[in-house]
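Dear colleague,

Please find below the structure I agreed to pass on to you. My notes on its salt bridges and its sheet follow directly after it.

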Amino acid sequence: MYQPAINLDDVTAIDMHVHIEVDDHGHTSLPEPLVTAASAYFKTDGPRPAVDTVARYYRERRMVAVVFTVDARTQLKHQPLSSTDIARAAADHADVLIPFGSVDPRTGGAAVELAERLIQEEGVRGFKFHPTVQGFDPSHDEYAPLWGLLERAGVPALFHTGQTGIGAGTPGGYGLRLGLSNPILLDPIAADFPDLQLIMAHPSVPWQDEALSVATHKHNTWIDLSGWSPKYFPAELVRYANSVLKRRVLFGTDYPMLTPDRWLRDVQATDLKPDVLPGILKDNAARLLGLAR
């Protein structure tokens with residue numbers, strides 16, 4: 001069972017958004033057409049490392065990585081990677097990895113049962129959801145039992161928000177619906193489950209104002225800065241990160257699509273204040289994840 005063994009004094013940053021896209025047997029988290037389309041969208045054909053390789057990569061950089069997959073078995077008709085396997089592999093690298101689980105909300109009670117088992121038996125520290133790829137509206141009441149479980153367990157829920165490169169350029173975008181990842185759909189969850197910490201991943205283009213509105217109004221919400229080079233961050237996002245949201249903004253990359261090396265290089269070209277960056281890079285995530293001293 002995973003138990004963190006992280007020495008914050010030795011850590012330079014906590015990357016809240018790291019994808020595990022292949023297992024040790026070569027099975028990918030997405031169907032092959034989506035893997036190819038994502039590589040074209042992100043202009044990368046680099047390797048999709050498994051857990052052990054991710055751990056070595058982040059250990060070399062003295063960083064901690066929150067790792068996860070996305071279980072979209074219903075929408076994609078594709079067997080997901082095992083969150084159990086990811087959690088157990090992360091346990092072998094507990095100095096640098098923090099496992100999040102993933103369940104398919106459309107499987108109903110089975111999703112709740114799997115989430116509970118991942119928390120209690122494997123020690124996962126949060127859950128990742130991608131409403132567009134998983135094909136569900138998170139604001140619908142039918143998913144309330146899942147949000148209630150996560151709230152009671154005290155583990156955060158990380159949601160993809162905004163546009164996605166998954167399916168981009170394929171016929172009909174592979175049938176995936178962007179509107180399901182509008183962050184305003186998370187507002188009812190934040191209202192009904194005030195002790196559930198919700199992370200809105202990525203600059204939420206074209207709904208950045210919605211994300212900032214939700215985060216300003218609901219203080220159980222956070223924003224991670226993954227998926228975009230910092231030099232492309234919307235000006236309003238930077239302004240809020242420098243001020244009213246500075247304690248609830250989180251470093252994230254979307255690795256392997258965007259590397260921490262590039263993120264840290266490009267952030268120097270932004271207007272993010274030097275006195276705000278330590279909180280974004282490490283301190284806010286440590287507090288959220290219960291790692292803070």
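**Salt bridges**

A network of salt bridges joins E60, R61 and D261. Please bear in mind throughout that the model is predicted. The total number of salt bridges found is 9, and three further pairs are described here in turn.

The first pair to consider is R88 with E122, whose side chains form a salt bridge with an N to O distance of 2.9 Å. This contact ties together distant parts of the chain, since R88 belongs to helix α4 (residues 83-91) and E122 to helix α5 (residues 109-122), with their positions 34 residues apart. E122 has a relative accessibility of 6% and therefore counts as buried, the limit for that class being under 20%.

A salt bridge also links R239 and E236, again with the closest N and O atoms 2.9 Å apart. Here both partners sit in helix α10 (residues 235-241), 3 residues apart, which is about one turn of the helix. R239 is partly exposed, at 46% relative accessible area, and E236 is likewise partly exposed, at 31%.

Lastly, R265 pairs with D266, the closest N and O atoms lying 3.5 Å apart. Which of these two residues is buried and which is exposed? R265 is exposed, because its relative accessible area of 54% is over the 50% cut-off. D266 is buried, because its value of 8% is under the 20% cut-off.

**The sheet**

The model also contains an open sheet of 3 strands, arranged in the order β1-β2-β3 with parallel pairing. Strands β1 (13-19) and β3 (97-99) are at the edges; each has a single partner strand, so one side of each has no neighbour in the sheet. From one strand to the next, the twist averages 25°.

Between strand β2 (residues 63-68) and β3, the parallel pairing runs over 3 bridges. At V66, the bridge partner in β3 is I98. As general background, the strands of a sheet pair through backbone hydrogen bonds, in either a parallel or an antiparallel manner.

Helix α2 (residues 51-60) packs on this sheet and touches β1, β2 and β3. The direction of helix α2 makes about 155° with that of β2. E60, at the end of the residue range of helix α2, is also one of the members of the salt-bridge network with R61 and D261.

With kind regards

Methods:
Residues numbered from 1 in each chain as written. Predicted model: local features only at pLDDT ≥ 70, side-chain atom pairs only at ≥ 80, totals over all residues. Heavy atoms only, no water. Salt bridge = Lys/Arg side-chain N within 4 Å of Asp/Glu carboxyl O. Helix = DSSP H or I, 4+ residues; strand = E, 2+ residues; numbered from the N terminus. Buried < 20%, exposed > 50% of the residue type's maximum accessible area, 1.4 Å probe, protein only. Pairing = 2+ DSSP bridges. Axes fitted to C-alpha atoms, helices over the stretch in contact; angles between N-to-C directions. Contact = heavy atoms within 4.5 Å.
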